[in-house]
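Grab a pencil and work through these exercises with the model open beside you. Try each task before you read its solution.

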Amino acid sequence: MSHSFENYDMQESKFLTPFQKKALLKSLQANLQPEYRRRIEIMLLADVGKSQSQICETLGCSQEMARYWIGLAEAGLAHKWNERPIGRPKIVNDQYLARLKELVSHSPRDYGYAFTYWTAQWLSKHLANEFNIHISDRHINRLLKQMGLSTKRKSSSPPETDQIKDAGITICDLQSTSEPNFNWSLNLIQANK
């Protein structure tokens, strides 16, 4: 959904210089990929005072995308609209994945940690130290799932502590001192019909 920017050079700018505004408007006339066009449109709309939510509604873009390109325009970097590659950068390489697989298949104690089982958060921290690639624990879990792995333990038998805890629970026959009330039982049966 493209927006008309015919009269935008007449409107007062919030942060774009006349040169930047002219360059962006000129770029819009070229046959651009939709993703690049949207970047320019976000910056132009923000420059004339449109809010982030108004821009998202007008252009059908995400809050994150609008926030990023508004920020760039405000910082005077509007000319960089075509320097960032389209799409999310692929930071996780084969070496990273191989190391993740290796770590999960060993105990964290093999790597000097005090705990016995990995969590996605610790895997993320460990790999960030090794590769200087920072990804969220949710993304770590996604990568593990893709490889058919998990940080969750396979429970072959319940731990001994559960068996000890359950050993103390016994149920005894309860002796009733009063005779059962048959009228009450009969009323209950009728009520359930």
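**Exercise 1. Work out how much of the contact map is long-range, and what the overall fold is made of.**

Step 1. Take the contacts in the protein with a separation of 6 or more: residues 24 or more positions apart account for 53% of them. Contact here means heavy atoms within 4.5 Å.

Step 2. Before going on, know what you're looking at: this is a predicted model, where local features need pLDDT of at least 70, side-chain atom pairs count only at pLDDT 80 or more, and totals for chains, interfaces and linings use all residues. Residues are numbered from 1 along each chain as its sequence is written, and side-chain values use heavy atoms, with hydrogens and water left out.

Step 3. Now the secondary structure: you should find nine helices and zero strands. Helices (H or I, at least four residues) and strands (E, at least two) are DSSP runs, numbered from the N terminus. Along the sequence, that reads α-α-α-α-α-α-α-α-α.

Step 4. Finally, burial: 28% of the 193 residues count as buried. The cut-offs are under 20% relative accessible area for buried, over 50% for exposed, and partly exposed in between (1.4 Å probe, protein chains only).

**Exercise 2. Describe how H6 and H7 meet.**

Step 1. Find helix H6 at residues 120-131 and helix H7 at residues 137-146; their axes come within 8 Å and cross at roughly 100°. Axes are lines fitted to C-alpha atoms, for helices over the stretch in contact, and angles run from 0 to 180 degrees between N-to-C directions.

Step 2. Put a word to that angle: H6 is roughly perpendicular to H7. That label covers 65 to 115 degrees, while under 35 is roughly parallel, over 145 roughly antiparallel and the rest oblique.

Step 3. List who touches whom. H6 brings Ala120, Gln121, Leu123, Ser124 and Leu127, and H7 brings Asp137, Ile140, Asn141 and Leu144.

Step 4. Sort these residues by type: five are nonpolar, three polar and one charged. For the sorting, Ala, Val, Leu, Ile, Met, Phe, Trp, Tyr, Cys and Pro count as nonpolar, Asp, Glu, Lys and Arg as charged, and the others, Gly among them, as polar.

**Exercise 3. Is Tyr96 buried or exposed, and which residues does it touch?**

Step 1. Place Tyr96 in helix H5, residues 94-104.

Step 2. Check its accessibility: at 0%, Tyr96 is buried.

Step 3. Skip residues up to four places away in sequence, and Tyr96 touches Leu127, Phe131, Ile133, Ile135, Ile140 and Leu143.

Step 4. Pick Phe131 for a distance check. Tyr96 and Phe131 are 35 residues apart along the chain, with C-alpha atoms separated by 7.4 Å.

**Exercise 4. Pick apart the aromatic cluster.**

Step 1. Start with the pairing rule: rings of Phe, Tyr and Trp (its six-membered ring) pair if their centres lie within 6.5 Å, with planes under 30 degrees apart counted as stacked, over 60 as edge-to-face and the rest as tilted. By this rule there are eight aromatic pairs.

Step 2. Look at Tyr111 and Trp118: their ring centres are 6.1 Å apart and their planes at 50°, so this pair is tilted. Tyr111 is partly exposed at 24%, whereas Trp118 is buried at 6%.

Step 3. Do likewise for Phe115 and Trp122. With centres 5.1 Å apart and planes at 40°, that pair is tilted. Phe115 is partly exposed at 22%, and Trp122 is partly exposed at 32%.

Step 4. Join them up: Tyr111, Tyr113, Phe115, Trp118 and Trp122 form one aromatic cluster.

Step 5. Add a charge. The charged end of Lys125 sits over the ring of Trp122, 4.6 Å from its centre; the rule wants NZ of Lys or CZ of Arg within 6 Å of the ring centre and within 35 degrees of the ring normal.

**Exercise 5. Which residues does Thr151 contact, leaving aside its neighbours within four places in sequence?**

Step 1. Go to the loop between H7 and helix H8 (160-167), where Thr151 lies.

Step 2. Check burial: Thr151 has 18% relative accessibility and counts as buried.

Step 3. Read off its contacts: Trp118, Thr119, Ala120, Leu123, Asn141 and Leu144. Trp118 also belongs to the aromatic cluster, and Ala120, Leu123, Asn141 and Leu144 take part in the contact of H6 with H7.
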